[in-house]
Amino acid sequence: MQTEIEDYYRQGGETRRLDAGAGRWEFLRTWDLLQRVLPAGPLSILDVGGATGGYAGPLARHGHRVHVVDPMPEHAAAAAALPGVTAAVGDARALAEPDAAYDAVLLFGPLYHLVERGDRLAAWREAARAVRPGGLVVAATVSRFASLLDGYVSGHLAHEAFARMLDHTLATGEHRNLGTDRRWFTTAYFHRPDEPQAEAADAGLDFVRTAAVEGPLWMLPVLDEVLADPARTAQALDLVRRVEGEPHLWGASSHLLTVARRPA
Ligand SMILES: C[S@@+](CC[C@H](N)C(=O)[O-])C[C@H]1O[C@@H](n2cnc3c(N)ncnc32)[C@H](O)[C@@H]1O
């Protein structure tokens with residue numbers, strides 16, 4: 001992993017990223033999708049790029065056996081401390097896992113930190129190798145347009161360095177924040193909505209479906225108020241669930257999930 005990505009994660013933000021605001025909304029929607037996408041358990045799940053266990057912990061509490069792989073030793077150590085979760089330091093492009101060892105593999109992180117398509121395909125292929133025939137690979141990607149939307153709403157676009165970075169991202173998908181401002185994330189690749197499906201197919205997987213994670217609601221100025229109110233949260237979840245498979249809205253979501261299956 002590149003030094004600037006390590007430096008970014010060494011700040012420790014992953015421990016609380018999913019606890020509030022857009023991160024909380026991302027978690028609630030991802031969890032909602034996972035509950036519907038994963039087959040009945042208990043399952044054996046490999047969580048590649050699982051960080052400090054934001055998903056591994058809840059999955060283990062639901063009875064699944066979860067193993068996290070992450071290049072950051074601090075992340076792997078935090079995940080391994082969770083009940084029912086094991087973890088190891090590793091890279092999505094060259095997993096130490098045996099063939100066909102898991103019912104499902106999650107790629108929630110590696111695909112948006114691997115800027116070269118060849119590296120992303122290596123991560124997809126390793127996931128396809130580690131999952132059993134008929135098992136699922138579920139992958140998160142960041143939308144090509146997330147930086148434009150977030151940059152405008154948060155005001156980052158007022159900075160010339162951000163505006164220059166955005167031009168490059170829109171043209172190429174490469175997000176290159178060379179340490180200018182840590183709030184602007186780190187080296188990443190932002191997919192056009194149709195790319196993950198093609199990558200999964202090129203890695204030999206059968207495409208199942210794409211779904212928006214947050215939908216357009218991650219930009220709501222009143223998101224914190226909605227999340228503080230269980231009835232409004234349930235309404236928002238229901239609304240986005242109804243349009244999660246609508247391709248015309250995918251680019252307005254911060255993240256997309258792509259579900260693919262290893263041929264039986
Ligand atoms: C934004 S965090 C996401 C964490 C968690 N999976 C989630 O969805 O909230 C991205 C994670 O991907 C990990 N990562 C980056 N490059 C990776 C690679 N080549 N292989 C595996 N994990 C990687 C990072 O260390 C980090 O923990």
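What share of the contacts in the protein with a separation of 6 or more is accounted for by residues 24 or more positions apart? The share is 68%. The legends below refer to a predicted model.

**Figure 1. Overall view of the predicted model, with its 12 helices and 9 strands.** The radius of gyration is 17 Å, close to the 18 Å that the globule rule gives for 264 residues, so the protein is as compact as a globular protein of that length. Along the principal axes, the C-alpha atoms fill a box of roughly 50 × 45 × 35 Å. Buried residues make up 42% of the 264 residues.

**Figure 2. The largest nonpolar core, a set of 61 residues.** Val-105, Leu-107, Ala-127 and Val-137 touch the most other members of this core. Strand 5 supplies the largest share, 7 residues. In soluble globular proteins, nonpolar side chains tend to be buried together. With residues up to four places away in sequence left out, the contacts of Val-137 are Val-105, Leu-107, Ala-127, Ala-128, Val-131, Leu-205 and Ala-260. Two of the partners of Val-137, Val-105 and Leu-107, belong to the group that touches the most other core members.

**Figure 3. Helix 6, residues 117-130, and the elements that cover its buried residues.** The helix has 14 residues, which at 1.5 Å a residue should span 20 Å; the end C-alpha atoms are 20 Å apart, so the expected and modelled spans agree. Its buried residues are Arg-120, Ala-123, Trp-124, Glu-126, Ala-127, Ala-128 and Ala-130. An α-helix has 3.6 residues a turn, so residues three or four places apart point the same way. Among the buried positions of helix 6 are Arg-120, Ala-123 and Ala-127. The cover over the buried residues includes strand 1 (44-48), strand 4 (102-107), helix 5 (110-113), strand 5 (131-143) and helix 9 (195-202).

**Figure 4. The shell of 22 residues around the ligand.** Gly-49, Ala-51, Ala-92, Phe-108 and Gly-109 come nearest to the ligand. By class, the shell comprises 12 nonpolar, 6 polar and 4 charged residues.

**Figure 5. Surroundings of Ala-56 in helix 3, residues 56-61.** Ala-56 is buried because 28 other C-beta atoms lie within 10 Å, against a threshold of 20 or more. Beyond residues up to four places away in sequence, Ala-56 touches Asp-47, Gly-50, Val-66, Val-68, Ala-79, Leu-82 and Val-85. A separation of 22 Å lies between the C-alpha atoms of Ala-56 and Arg-125, which are 69 residues apart along the chain.

**Figure 6. Surroundings of Glu-26 in helix 2, residues 21-37.** Glu-26 counts as buried because it has 21 C-beta neighbours inside 10 Å. Its contacts, apart from neighbours within four places in sequence, are Leu-18, Val-213, Glu-214, Ser-254 and His-255. Gly-134 is 108 residues from Glu-26 along the chain, and the two C-alpha atoms are separated by 27 Å.

**Figure 7. Backbone geometry at Pro-42, Ala-100 and Phe-185.** Most residues other than glycine have a negative phi, and most peptide bonds are trans. Gly-41 and Pro-42 are joined by a cis peptide bond, with omega about 0°. Pro-42 is placed in the loop between helix 2 and strand 1. Ala-100 has a positive phi, near 55°, and lies in the loop between strand 3 (85-89) and strand 4. Ala-100 is partly exposed, as 14 other C-beta atoms lie within 10 Å. Phi of Phe-185 is also positive, near 65°. Phe-185 occupies the loop between strand 6 (174-175) and strand 7 (188-191), and with 19 C-beta neighbours inside 10 Å it counts as partly exposed.

**Figure 8. Surroundings of Arg-209 in strand 8, residues 206-212.** Arg-209 is partly exposed, because 13 other C-beta atoms lie within 10 Å; a residue with 12 or fewer would be classed as exposed. Outside the residues up to four places away in sequence, Arg-209 touches Gly-245 and Val-259. Arg-209 and Asp-194 are 15 residues apart in sequence, and their C-alpha atoms are 11 Å apart in space.

Technical notes
Residues are numbered from 1 along each chain as its sequence is written. This is a predicted model: local features need pLDDT of at least 70, side-chain atom pairs count only at pLDDT 80 or more; totals for chains, interfaces and linings use all residues. Helices (H or I, at least four residues) and strands (E, at least two) are DSSP runs, numbered from the N terminus. The expected span of a helix is 1.5 Å times one less than its number of residues. Two residues are in contact if their C-beta atoms, placed from the backbone, lie within 7 Å. A residue is near a molecule or strand if its C-beta atom, placed from the backbone, lies within 6 Å of it. Ala, Val, Leu, Ile, Met, Phe, Trp, Tyr, Cys and Pro count as nonpolar, Asp, Glu, Lys and Arg as charged, and the others, Gly among them, as polar. A nonpolar core is a set of buried Ala, Val, Leu, Ile, Met, Phe, Trp, Tyr and Cys residues joined through C-beta atoms within 7 Å. The radius of gyration is taken over C-alpha atoms; the globule rule is 2.2 Å times the number of residues to the power 0.38.
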